[in-house]
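Work through the exercises below with the sequence and the structure open beside you. Each task is followed by a solution that goes step by step.

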Amino acid sequence: MNDPQHTTHEPEVHEQPRSVQDVADDVVARVLARAGTALQDGGTVHSAYDGDQLDLEERTSLRRVGGLSTELEDVTEVEYRQLRLERVVLVGVWGTGTAEDAEISLRELAALAETAGSQVLDGVIQRRRTPDPGTYLGSGKAAELAMLVAAVGADTVVVDGELAPSQRRALEDIVRVKVVDRTALILDIFAQHAKSREGKAQVELAQLEYLLPRLRGWGESMSRQAGGQVGGAGAGMGSRGPGETKIELDRRRIRNRMAKLRREIAAMEPARVTKRASRRRNAIPSVAIAGYTNAGKSSLLNRLTNAGVLVENALFATLDPTVRRAETTDGRVYTLADTVGFVRALPHQLVEAFRSTLEEVADADLILHVVDASHPDPEGQIAAVRHVFADIPGAMDVPEIIVLNKADRASDEAIARLRSREVHSVVVSAHTGEGIAELQALVADQLPRPGVAVDVVVPYDRGDLVSRVHEHGDIDHEEHTADGTALRARVDEALAAELEAAAVARA
Ligand SMILES: Nc1nc2c(ncn2[C@@H]2O[C@H](COP(=O)(O)OP(=O)(O)OP(=O)(O)O)[C@@H](O)[C@H]2O)c(=O)[nH]1
């Protein structure tokens, strides 16, 4: 019987001087063998184990190759990016929809895999009503996939769906390389792109949530692969995994870590909420830019504000919400927030994790829903984004303008089709500037105008109030009189009260 905690992870004997990569491979293998539990998602292998089990050499190697996080309370995590997916084959199962839908989804998976840093060698689609409960693909197709993987020299298979732990194990047994699902891939991209402390904490929480139910699976799979054993999925597999006590211990540690992350995120939230509340108090209208990943949200933000936000032809270049100041054509100030890109089947762990960020959308006065009109399936992308909106309380009530972007590249038919479906739409190109003036006019028109009409003379020593009316109000008439600045304007209630209080009494 195998002793799962001490399987055959013996480091190989190398005659040649070994690279950092080789040393790291050995160290990670040793750590994983000892930990008995490895968690792997996308390009990252996490291992939960007691930090003090590591010797100095191991710690140093791990730090050099991947980053060893020792800040965790009672668990140390190895993040080992050198194991990132490099040469991948994609697999999709399509039960409903057309062949074209399947193609589009697989093409998107390819873009995701490339964003994660891998080279896509090939893609396979199997048409079957539902994925096979055992191996995801039917057995014939799985065997075919194994041959393809071997022929092209792939090191990873990425599945266009979410796999049950047992399905992933069974498929790994057949194809004999690492199998990763779409959720893990997206989580990995998010992990690579998160920059702020809050963003990082949110992604880690989402990753742990994904990993928790998969704990047992990873331990088994890694040890079996390393030991070169291949067997069918099914009963008895559990006996090769780490012992129950070990799994329970790891689960508890991960839950502790998750609780800590939740506390940290909760502690970071007030700052953002306060900022948002202060924008509200000052009645600065807000516009949120939302849309499918790669639609051109950051490019549009730059067009509208000259903000210099990173634009990348990669998915999810923007993770942390960026809020910028912008001005309507008639001179009113508003805030413009870029939000995280949406994607079909955004993992629910991420929707949860980014809920507070997505609330920017629900809180806005107007949503600019940016659409890549040159994409083969813009309708599908619009639907996917609205699907997420439906999940955020209040988001569906915010007025939305569909911004059909990339007009420089889109076909006339596509634009005409989208225009007829989406009445509140405008055609633009963030690249050429086409349609931007029209969009700005629409924004000016749709943003709520301040509500209270005032007719006051503001004494000259209260120039600050006059400036605020210029910035946030809507001025009908302004005149300099002997007593002060006479203003007829519409402003929000708070400013109206201040103006009335400061106004010079008129005879
Ligand atoms: N041809 C063309 N390309 C555009 C236009 N707007 C954006 N792009 C390109 O589309 C790609 C994605 O643009 P981004 O602005 O980063 O898209 P995003 O929606 O912010 O992307 P995420 O952060 O991934 O959600 C980049 O390569 C841009 O140069 C446009 O009007 N025309």
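**Exercise 1.** In this predicted model, find how many bridges join strand 15 to strand 17 and in which sense the two strands run, and then place them within their sheet.

*Solution.* Begin with the pair itself: strand 15 is joined to strand 17, which covers residues 484–491, by eight bridges, and the two run antiparallel. One residue pair to look for is Val452, which stands opposite Val491 of strand 17. Next, widen the view to the open sheet, in which three strands follow the order 15-17-16 with antiparallel pairing. Strand 15 (452–459) and strand 16 (474–480) are the edge strands, and because each has a single partner strand, one side of each is left without a neighbour in the sheet. From one strand to the next, the twist averages 10°.

Finally, add the helices. Helix 16, made of residues 463–472, lies across strand 15, strand 16 and strand 17, and it runs at about 35° to strand 17. Helix 17, made of residues 493–502, also packs on the sheet, where it touches strand 15 and strand 17, and its direction makes about 35° with that of strand 15.

**Exercise 2.** Work out which strands stand at the edges of the four-stranded sheet, and state which helices pack on it.

*Solution.* The strand order of this open sheet is 6-5-7-8, and the pairing is parallel. Strand 6 (119–127) and strand 8 (178–181) stand at the edges with a single partner strand each, so one side of each lacks a neighbour in the sheet. Neighbouring strands are turned by 25° against each other on average, direction ignored. Strand 5, residues 87–94, pairs with strand 6 in the parallel sense over eight bridges, and Arg87 has Gln119 of strand 6 as its bridge partner.

Helix 4 packs on this sheet and touches strand 5, strand 6 and strand 7 (156–159), with its direction at about 165° to that of strand 6. Helix 5 packs on the sheet as well, touching strand 7 and strand 8, and its direction makes about 140° with that of strand 8.

**Exercise 3.** Describe how helix 4 crosses helix 5, and then do the corresponding work for helix 3 and helix 6.

*Solution.* Two packed helices are described by the angle between their axes and the distance between the axes. For helix 4 (residues 139–152) and helix 5 (residues 165–175), the axes come within 8 Å and cross at roughly 55°, which makes helix 4 oblique to helix 5. The crossing is right-handed. Helix 4 contributes Ala142, Ala143, Leu145, Ala146 and Val149 to the contact, while helix 5 contributes Leu171, Ile174 and Val175. Sorted by class, these residues are eight nonpolar, no polar and no charged.

For helix 3 (residues 99–115) and helix 6 (residues 182–193), the axes come within 9 Å and cross at roughly 40°, and the two are therefore oblique to each other. This crossing is left-handed. The contact is made by Leu109, Leu112, Ala113 and Thr115 of helix 3 with Arg182, Leu185, Ile186 and Ile189 of helix 6, and it divides into six nonpolar, one polar and one charged residues.

**Exercise 4.** Decide where the model calls for caution, starting from its average pLDDT.

*Solution.* The protein averages a pLDDT of 74, and 68% of the residues score at least 70. Over residues 1–20 the pLDDT stays under 50, and over residues 217–242 it also stays under 50. Where pLDDT is low, the predicted coordinates should not be read in detail.

Technical notes
Residues are numbered from 1 along each chain as its sequence is written. This is a predicted model: local features need pLDDT of at least 70, side-chain atom pairs count only at pLDDT 80 or more; totals for chains, interfaces and linings use all residues. Two strands pair if DSSP finds at least two bridges between them. Axes are lines fitted to C-alpha atoms, for helices over the stretch in contact, and angles run from 0 to 180 degrees between N-to-C directions. Two residues are in contact if their C-beta atoms, placed from the backbone, lie within 7 Å. Angles under 35 degrees count as roughly parallel, over 145 as roughly antiparallel, 65 to 115 as roughly perpendicular and the rest as oblique. A crossing is left-handed if the near helix is turned anticlockwise from the far one by less than a right angle, and right-handed if clockwise. Ala, Val, Leu, Ile, Met, Phe, Trp, Tyr, Cys and Pro count as nonpolar, Asp, Glu, Lys and Arg as charged, and the others, Gly among them, as polar. pLDDT is the predictor's confidence in each residue, from 0 to 100.
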